[in-house]
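Biologist: Could you take me through this one and tell me what stands behind the labels people put on it?

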Amino acid sequence: MTTVQIEIQLVAALVAVTCSLPGVFLILRRMAMMSDAISHAILLGIVLAFFVTRDISSPFLIIAAALTGLLTVSMVELLNRTGLVKEDAAIGLVFPLLFSLGVILISRFAGKVHLDTDAVLLGEIAFAPFNRLELFGYDLGPKALTVMAVILLVNLIFIISFYKELKLATFDAGLAAVLGFSPGIIHYGLMALVSVTAVGAFDAVGSILVVALMIGPPATAYLFCDRLSSMLTASALIGVVVAITGYWLAHFLDASISGCMATMAGIIFGLTFLFSPGRGLVAMSLRRVRQRLEFAQTMLVVHLYHHEGLPEEEKENSVEHLHEHLRWRRSFSERVVWFARERELVERQNGFIILTERGRAAAQKAITG
Amino acid sequence: MEFAPLLENLLFDYTFRTVALGSATLGIVSGALGSFAVLRRQSLLGDGISHAALPGIALAYILTGSKDQVVLLLGAGVAGWLGTLLIIGIVRNSRIQNESALGLVLSVFFGFGLVLITFIQKRPDASQAGLDTFLFGQAATLVKNDLITMGALGAAALVLMGLFWKEFKLLSFDPDFGQALGFPMRVIDVLLTTLIVIAIVIGLQSVGVVLMSAMVVAPGAAARQWTDRLGLMVGLAALFGALAGVSGALVSSSVPRLSTGPTVVICVSVIVLVSILLAPNRGLLWSWLREQANRRQLQVDAVLEDLYILAVKHGDIGRGHSIEVLRTMSIGHGGVDRSLKELVKEGLVSETGEGKWALTPEGFEAGRRLESSGDEER
């Protein structure tokens, strides 16, 4: 690996971790689409601030963009509060407008501006190592690295110092309000955090893929985490995995790094969704099949026990008869009998099924409870 | 831009006419079907579908090598539809909520689409021009064949909407009731979503995947302000959609380096703003005026009631009371002068002397009614 490659991966991992932390709260507070709205709208702030400062690397851009993020949130709330538009529609009305204004400003003044619509959508993480931070003649590494590290620090400080408040406001907003924590302040604080994070990440991965990094890792973690602290840790770790695997996918496909990171976020979510132990789709369907068989096996032993030693025993206790009596399909009956034989509850004797000692005990237990 | 040449272009210029017709079609279809999405609080679904369409377009191009609109739109439709099904599947089989699933599918599909597009750009044999227009839209690239595709798809979607009007109405307002009546609400839901996918696909070339969602939400949200009837709302939304589509497309086609998507969004946002402010009954302006009028009426009533109380306490209707007394009594209401003038005009109060006011017999009667109705409420 060359230094450039290592530096790109470092930036990517840092961006992913920084995005995933506020993302956890967005997911838990059911505000995931707010990240979409904010990450689009900040473009206008960046463009306007650029026209004022004429310097793409000015820290003023971050402040302006963060303010635009907050403006978006308050515009959505204002619209929502008129009662004329529902919240989802309000989000869908506000951010396309702000984003459109940003795009038009960029494309009208393209050429004069070091900003183009490709950069807006894709980001420029591949060039991150070439934009270096120098202080007193010393090379301090890529500028993006420092910027993201500062934003990550801000995120960590906010989350650690308001951990209790955030937790309460997220899981029981009513109780938080009663106890005197203002949910409004927490809400806007969090939104400011999302905005600042989105601005930092915007440079690296573009506006729409910020959403993938904010939602992907936390949503994946949410699939298997039951504690806020473990969800935060897991999201950060998944973010790192997404960044590194995304980088190498892009390397081998010779395609956009940020696009590959988003793709990896999706793939990792999909794998977890399918195969996570206990809660994954596969584990759940296997459990469902097993429960169905176990229930059917109980039905079978009870049925056999019921007719045991009676004159109709021969007729009742054949595999063919199960279809008639228990309404099982033939293939299913065979499977249930096989399942029960594996557990030594029944035996097969010239076409009939008879209970073993264990089977009899199981039937008695099922009947008497 | 002068108006007359614009109109002339609109009528006689081939490109202008194509662009205008195409944008009108997309506006009508997305406006009409988007109304249902707005009513069902699924405004952001359009955002998900349109972003999710991008990899479909790119894959269709990679697989067929054709830039034929029908092929690309078919790819877009399939991908958008798949994205919707994934969202439903994730929500149904895990604890992830709708919002998060939507955001996840939207951004991951879009990211994958961008990967495919950068991939295509690097192929030596193909110029990717044409695919780029799908990001922010370029109505000027429409040709007559595109219009035929768009028109056919749009007409089919609208006819289906007409045929299933009653079912869609049920779905939007009371799906549980529909279920109880024996309608297969899930099937109807999928059908409506499919039609919305078609509406979005129609607009992709002109407006682009990034901003097409606005054309689903905004016309419906604007139309909702003007009426409480579904039929009227859908019609108005179609009209607003067409208006925004045509004006945005024409402006962007006549100004260089201006993508259609953002321009259309700004046009449609203006329509929404006007509707929210000015629509009769629901509009913010009217409700503000109503509030002002109510406040005036309360002030007038307060003065009338004060005069009545004074008249009863003094046992003398004809006795005049100075305005200072009334002002003191109505602290917190204000507007005593204007209220008195209004009452005089209505013949309920008369001026008995310099700065002194008293109730007329009619005024006394009115004050008594006001007082007793107030007592009842208490």
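What follows is a chat about those labels and their cut-offs.

Modeller: Ground rules: this is a predicted model, where local features need pLDDT of at least 70, side-chain atom pairs count only at pLDDT 80 or more, and totals for chains, interfaces and linings use all residues. Residues are numbered from 1 along each chain as its sequence is written, while chains are lettered from A and ligands numbered from 1 in the order in which they are written.

Biologist: Why is Asp254(A) called exposed?

Modeller: A residue is exposed if 12 or fewer other C-beta atoms lie within 10 Å of its own, buried if 20 or more do, and partly exposed in between, with C-beta atoms placed from the backbone. Asp254(A) has 9 such neighbours, so it is exposed. It is found in the loop between helix H11 (228-253) and helix H12 (257-275) of chain A; helices here are DSSP runs of H or I with at least four residues, strands are runs of E with at least two, and both are numbered from the N terminus.

Biologist: And what makes Glu344(A) exposed?

Modeller: Glu344(A) has 11 C-beta neighbours inside 10 Å, so it counts as exposed too. Its loop runs between helix H16 (330-342) and strand E3 (346-349) of chain A.

Biologist: What makes the phi of Asp254(A) worth a remark?

Modeller: Its phi is near 55°, positive in a residue other than glycine. Most residues other than glycine have a negative phi. Glu344(A) isn't a glycine either, and its phi is about 55°.

Biologist: What makes a set of residues a nonpolar core?

Modeller: They must be buried Ala, Val, Leu, Ile, Met, Phe, Trp, Tyr and Cys residues joined through C-beta atoms within 7 Å. The largest such core has 204 residues, and Leu93(A) and Ala53(B) are among those with the most contacts inside it. Helix H1 (residues 3-28) of chain A gives the largest share, 15 residues. A second, separate core has 18 residues, including Val300(B) and Leu340(B).

Biologist: How do you know which residues Leu93(A) is in contact with?

Modeller: Contact means that two C-beta atoms, placed from the backbone, lie within 7 Å. Leaving aside neighbours within four places in sequence, the partners of Leu93(A) include Leu79(A), Val217(B) and Val272(B).

Biologist: How many residues does each chain bring to the contact?

Modeller: Chain B brings 48 and chain A 50. On the side of chain B, H5(B) supplies the largest share, 15 residues.
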